[in-house]
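Please open the model in your viewer and set the display to a cartoon, with side chains ready to be switched on.

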Amino acid sequence: MGIEEFDVFVIGTGTAGKGVAKDCAEAGWKVAIADNREYGGTCPNRGCDPKKVLVGITEIIERSQNMLGLGISKMPEVNWQDLQKFKYKFTGAIPAATEKDLATLGIKMYHQSPKFLDENTLSVEGKTVKTKKIVIATGNKPMPLKIPGAELMLNSDDFLELEKLPESMIFIGAGYIGMEFAHIAARLGVEVTVIDTEPRPLSNFDEDMVAHLTEASEAIGIKFIFNAKASKIEKLRKYLRVTAETKNGEEISAKAELIFNTAGRVPSIDELELEKGNVAFTNKGISVNEHLQNTTNPSVYACGDVSDSEGLPLTPLSSQESRVVSANLLGKYNKTEAHYPPQPSVVFTLPNVASVGLSEQQAKERGFDYVVKHKSVPSWFNSKRIANQHYAFKVIKDKETEKVLGAHLVGPDAGEMINMFVMAMCGGLSCHDLKAMIFAYPTWSNDIKGMT
């Protein structure tokens with residue numbers, strides 16, 4: 001059998017890769033795509049979407065708990081198996097539907113991670129293929145913890161597929177994945193411990209907002225062990241035990257039925273043998289220029305979480321970068337640059353933590369003459385009417401123009417409210433402009449007028 005040739009070979013079938021493949025196929029290109037996991041990528045199969053389904057049930061639990069004795073007389077009962085079946089309605093059809101869409105466009109599909117043989121040649125499923133262009137869109141994967149007993153740990157994929165909940169869990173890592181899953185588990189009755197090397201959770205988010213979340217987390221029974229690095233995992237008769245070393249040299253331990261590695265995510269590139277393809281990369285992903293083209297192999301582009309670009313590892317950014325790569329490929333190369341508007345980020349704990357734009361430190365470092373409005377407001381109507389105890393904001397604005405430089409929120413609906421700040425920042429609206437608008441009342445969005 002001869003070597004098959006393609007116009008473009010896409011590696012990864014998530015939001016970014018699938019978008020480029022479809023655009024090129026619709027333009028008449030000969031396209032191939034490959035994935036070593038189920039088609040559709042992380043977000044719909046084992047990430048944002050199924051996680052948010054599980055979060056939905058905890059919103060009911062949390063709201064009921066807050067309103068107990070204020071109109072709610074009995075807590076609802078949760079059936080984990082029924083919840084998992086409901087979640088499967090969102091995830092179950094994704095792989096087959098994705099493959100059907102790609103097949104309809106005549107895209108050749110492979111079910112293995114390719115390996116570079118040279119700059120324009122790949123080996124996949126035992127076959128050698130030549131391609132004019134290669135798009136890497138493999139996303140991120142859980143970062144391995146290289147400690148004794150690491151094989152005893154589970155990861156976020158495993159959490160989403162649990163057939164039943166254990167009595168106890170430990171999460172090693174207090175980033176957004178660890179915190180979101182810790183909240184889900186704790187609200188469903190699991191005894192939860194979170195271990196992290198930092199002195200607090202969510203080190204990339206505003207410290208004052210996270211302080212409110214930490215308090216709320218402890219109130220639902222989550223135990224934290226900070227400033228501690230896991231050093232080994234051991235199997236006991238019933239439990240697993242993690243040993244960690246604190247920054248002052250003390251050795252501590254905790255045990256639970258299950259231990260999850262939520263220490264972070266890394267680019268999924270280790271199987272590609274990038275060196276053979278002359279593809280430059282860093283620990284953040286594939287090195288790219290402003291056109292999302294690789295800096296050493298001009299035949300290669302990267303988009304989504306795996307690109308070492310200014311984009312955050314979030315699904316909306318993957319879509320945006322996908323469009324840039326498609327434009328540069330189909331426009332006969334490199335006429336479109338990647339631009340990054342304000343990028344909101346949300347941690348779907350309860351309360352949510354949300355952020356967009358600059359932190360105080362970043363505003364200072366960039367030389368802005370700025371003012372900060374920061375307040376805890378659980379007494380505001382929207383919070384008070386649902387007996388919520390954690391609601392706060394920090395808005396950073398330019399002193400002269402009154403334009404929003406950054407917004408940081410914690411509260412029940414912060415994940416939705418942050419989008420109003422995104423619109424204000426993208427539209428160049430000042431805080432005066434926001435205050436002059438009429439919003440529906442009483443809504444959470446209307447509260448942003450009091451925050452600016």
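The tour below visits two groups of strands and helices in turn.

The model is predicted, and local features need pLDDT of at least 70, side-chain atom pairs count only at pLDDT 80 or more, and totals for chains, interfaces and linings use all residues. Residues are numbered from 1 along each chain as its sequence is written, and side-chain values use heavy atoms, with hydrogens and water left out.

Select strand E2, residues 31-34 (helices, H or I of at least four residues, and strands, E of at least two, are DSSP runs numbered from the N terminus). Val 31 and Ile 33 on one side, and Ala 32 and Ala 34 on the other, are all buried (under 20% relative accessible area with a 1.4 Å probe, protein chains only; exposed is over 50%, partly exposed in between).

Add strand E1, residues 4-11, which runs parallel to E2 and is joined to it by 4 bridges (two strands pair if DSSP finds at least two bridges between them); here Ile 11 has Ala 34 as its bridge partner. With helix H1, residues 15-26, these two strands make a right-handed β-α-β unit (with the strands pointing away from the viewer, the path from the first strand over the helix to the second runs clockwise). Next select strand E3, residues 108-110, which pairs with E2 in the parallel sense over 3 bridges, Met 109 being the partner of Ile 33.

Now move to strand E9, residues 191-195, which is largely enclosed by the rest of the structure because 4 of its 5 residues are buried. The chain reaches E9 from E8 through helix H7, residues 176-187, in a right-handed β-α-β crossover. Strand E8, residues 168-172, pairs with E9 in the parallel sense over 5 bridges, and Phe 171 has Val 194 as its bridge partner. Finally, select strand E10, residues 223-225, which pairs with E9 in the parallel sense over 3 bridges, with Ile 195 opposite Ile 225.
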